[in-house]
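Work through the exercises below with the sequence and the model open. Each task is followed by a solution in steps.

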Amino acid sequence: MLSNTLINGLDLLSLMTTKAADHATAQLGAAIYLSNCESWELTGALLLADVEMESWVVRTEQQKVVVAVFANAPHQNGGRSRAASGRFTFTRAPRLEHCRS
C-alpha cells in the first residue's frame, strides 16, 4: 500500500527541492536553476502519505532567491513535528546571446 511506504532521503530531498523551485519560479520566472543547497537535514522517517510541506522565501535579490522548505510529520500523540528542513538558492538563468563567428 502506497500510503504505508517510508519515503527515503533522496526522494524527500527531491520533493523539497521541487517545492522550493515552485517558490523560486514565482519570484524569478521560469528560467531558473538550483545554484546552491545551503543546508539539508533529515531528522526522522516519514510515511509518504504523512509528508506535509511548507516553504518560505527567505531572501530575494534581483537575480536569485533563497527558499526554506520544511517537511512535517505527525506525532503519535497528536500534533506535528519537523522531520526535515532545507535551504535552497535558485538563480535566474543567464540569457545566452547568439554566437558570432
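**Exercise 1. Contacts and composition of the chain**

Task: Find what share of the contacts between residues at least 6 apart in sequence joins residues at least 24 apart.

Solution.
- A contact means heavy atoms within 4.5 Å.
- Among contacts in the chain between residues at least 6 apart, 65% join residues at least 24 apart.
- The model is predicted: local features need pLDDT of at least 70, side-chain atom pairs count only at pLDDT 80 or more, and totals for chains, interfaces and linings use all residues.
- Residues are numbered from 1 along each chain as its sequence is written, and side-chain values use heavy atoms, with hydrogens and water left out.
- Helices (H or I, at least four residues) and strands (E, at least two) are DSSP runs, numbered from the N terminus.
- The chain holds one helix and six strands, and from the N terminus on their order is β-α-β-β-β-β-β.

**Exercise 2. The sheet and its helix**

Task: Give the order of the four strands in the open sheet, then place helix H1 against that sheet.

Solution.
- Two strands pair if DSSP finds at least two bridges between them.
- The order is E2-E6-E5-E4, with antiparallel pairing.
- Strand E2 (32-42) and strand E4 (52-60) are the edges, since each pairs on one side only.
- From one strand to the next, the twist averages 20°.
- Helix H1 (residues 9-28) packs on the sheet and touches E2, E4, E5 and E6. The direction of H1 makes about 50° with that of E6; axes are lines fitted to C-alpha atoms, for helices over the stretch in contact, and angles run from 0 to 180 degrees between N-to-C directions.
- E2 and E6 are joined by nine bridges. In E6, glycine 86 stands opposite tryptophan 40.

**Exercise 3. Two residues in the sheet**

Task: Decide whether valine 67 and threonine 89 are buried or exposed, and list what each touches.

Solution.
- Buried means under 20% relative accessible area, exposed over 50%, and partly exposed in between (1.4 Å probe, protein chains only).
- Valine 67 is in strand E5 (residues 64-74) and is buried because its relative accessibility is 0%.
- Residues up to four places away in sequence aside, valine 67 touches ten residues' worth of neighbours including Ala20, His23, Ala24, Trp56, Gly86 and Phe88.
- The C-alpha atoms of valine 67 and tryptophan 56 are 5.6 Å apart, with their positions eleven residues apart along the chain.
- Threonine 89 lies in strand E6 (residues 80-92) and is buried because its relative accessible area is 5%.
- With the same exclusion of residues up to four places away, threonine 89 touches Tyr33, Leu34, Ser35, Asn36, Glu38, Lys64, Val65 and Val66.

**Exercise 4. Salt bridges**

Task: Find how many salt bridges the whole structure has and describe the residues involved.

Solution.
- A salt bridge is a side-chain nitrogen of Lys or Arg within 4 Å of a carboxyl oxygen of Asp or Glu.
- A search of the whole structure gives two.
- Glutamate 38 meets arginine 87 at 3.4 Å, N to O. This pair links distant parts of the chain, glutamate 38 in strand E2 and arginine 87 in strand E6, 49 residues apart.
- Glutamate 38 is partly exposed because its relative accessibility is 36%, and arginine 87 is partly exposed at 29%.
- Arginine 59 pairs with glutamate 61, their closest N and O atoms being 3.6 Å apart.
- Arginine 59 is partly exposed at 36%, as is glutamate 61 at 40%.
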